[in-house]
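Please open the model in a viewer and follow the selections below in order. Each stop names what to select and then describes what is found there.

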Amino acid sequence: MKGIIKNVQDLNRFYDYYRVQLNKNRNAIIVPPNDVYQMQLLLEQLSNAGCDILLLPTDLNGEAAARYYDDYIDGIAALVGEGAIDEARIDASVRRILTLKEKHGLLDPDATPVDERVEAAERIVGSPAHHAVEMDTARQAVTLLKDDGALPVRGGSIVILGRTRADNTPIGYALEQLARDGILGPDVRIDNRISGEITGEAGAAASLVIDRYYDSGELVYSDALSEAIRAADAVICLDMVGAGLDRLQDDNPQVQGVQQALEDARAGGAKFVLLSDNLPVDAARFTEADAIVCAYLSAGFGVDPTARTSGSENVGAFNANVPAALCAIFGDGDMPGRLPIDIPGLEQGPDGVWAYGSRILYPRGYSVTGGAD
């Protein structure tokens, strides 16, 4: 498979192609995306296409990760031995990589003792300065695809609906930032139904309910959540969609959760804001949302971004994108991002299955704030 991914159809073809290859080459067993055998197969295809470096999704932060890379390297060596990858192709990549390192002085010997280098790495990696850059980068990515008068969300009764329990961490971080910036006053009442914590006085002029609708593959949409949404002025709903159309179908519990929240918001007269926190294709599934904001990253939800008091805590990635998007939804920050792919409209067939149509709903480069490139 060759070409550049520039729209969601390309992305799905890429996903389906490698799933077919796995079916064909791995005894019809579809392995998880971070499985070492899938990565070996992916590198086989990419290396033969001329790719020099494949960035792997596993952080080297423990023995299990080290074994992953050992198995991965052994598997690649086996592919070379089998002739699936030409050794000359590997040599060409190594030569280009070493040439680039030499150009930037990365091959020069470092006389600094190893323990001092480790200490410097623990002090620098994950430092406040690095995380400030990370957060600024996340803010630059936030993209507004639609706003029918729903933004910014301010005052009254608000429901923030996470997808899972892990979403509570970036939601909490965003609320702390909003409080520091004076967007959320000290008198706001927060009923966090994920953690069970309640702060503020009953009857406060502004109130927040935090809940979730999905857990362990099942819908966990409660009657209490439905009542809270119907009584709200605004609902902010997080959603995560990956490659493929399965997570956009009516029988998917995540789709059911978002759809139910949207219907409850409509019944109660609340403004509904969809916060797409992974691939932005759910913008085509929930077109009735009053506002659609894209954050683009669904990883690191369970890691506290403020826990930076020891070296070991610096190894964990955390989600900066969702806090950045939530702050912008409340008016604490802009949304300067542009859509990275074309998003076609979805059409439901006679069998009830949703599929992409030929009409482009949101073109690549689009945003409400900046139009389209």
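Among the contacts in the protein with a separation of 6 or more, 65% are between residues 24 or more positions apart. The model under view is a predicted one. With the whole chain displayed, ten helices and twelve strands can be traced. Of the 373 residues in the protein, 42% are buried.

**First stop: helix α10**

Select residues 321–329, which form helix α10. How many of the residues of α10 are buried? The helix is mostly covered, with nine of its nine residues buried. These are N321, V322, P323, A324, A325, L326, C327, A328 and I329. To see what covers them, add α6 (128–141), α7, β8 (234–239), β9 (271–276) and β10 (291–294), against which the buried residues of α10 pack.

Now centre the view on N321, which lies in α10. Is N321 buried or exposed? Its relative accessibility is 13%, below the 20% cut-off, so N321 counts as buried. Leaving aside neighbours within four places in sequence, the contacts of N321 are A138, A295, Y296 and L297. Moving past the other end of the helix, select G331, which follows α10 and has a positive phi, near 90 degrees.

**Second stop: α7 against α10**

Keep α10 displayed and add helix α7, residues 168–180. Two packed helices are described by the angle between their axes and the distance between the axes. Here the axes of α7 and α10 come within 8 Å and cross at roughly 45 degrees. That angle makes α7 oblique to α10. The crossing of α7 past α10 is right-handed. To display the contact, show the side chains of P170, I171, Y173, A174, Q177 and L178 on α7, together with V322, P323, L326 and C327 on α10. By class, the residues of this contact comprise nine nonpolar, one polar and no charged.

**Third stop: α8 against α9**

Next, select residues 223–230 for helix α8 and residues 253–268 for helix α9. The two pack at an angle of about 45 degrees, and their axes are 7 Å apart. Helices α8 and α9 are therefore oblique to each other. Their crossing is right-handed. Which residues of α8 and α9 meet? On the α8 side they are S226, I229 and R230, and on the α9 side A261, D264, A265, A267 and G268. The residues of the contact of α8 with α9 divide into four nonpolar, two polar and two charged.

**Last stop: the aromatic pairs**

Finally, turn to the aromatic side chains, where the structure holds two aromatic pairs. Select Y68 and Y69: their ring centres are 5.3 Å apart and their planes stand at 80 degrees, so this pair is edge-to-face. Both Y68 and Y69 are buried. Then select Y362 and Y366, whose ring centres lie 5.8 Å apart with planes at 35 degrees, so this pair is tilted. How accessible are these two residues, Y362 and Y366? Y362 has a relative accessibility of 10% and therefore counts as buried, whereas Y366, with a relative accessible area of 22%, is partly exposed.

Conventions
Residues numbered from 1 in each chain as written. Predicted model: local features only at pLDDT ≥ 70, side-chain atom pairs only at ≥ 80, totals over all residues. Heavy atoms only, no water. Axes fitted to C-alpha atoms, helices over the stretch in contact; angles between N-to-C directions. Helix = DSSP H or I, 4+ residues; strand = E, 2+ residues; numbered from the N terminus. Parallel < 35°, antiparallel > 145°, perpendicular 65-115°, else oblique. Left-handed = near helix turned anticlockwise from the far one by under 90°. Contact = heavy atoms within 4.5 Å. Nonpolar A, V, L, I, M, F, W, Y, C, P; charged D, E, K, R; others polar. Buried < 20%, exposed > 50% of the residue type's maximum accessible area, 1.4 Å probe, protein only. Phe/Tyr/Trp six-rings, centres within 6.5 Å; stacked < 30°, edge-to-face > 60°.
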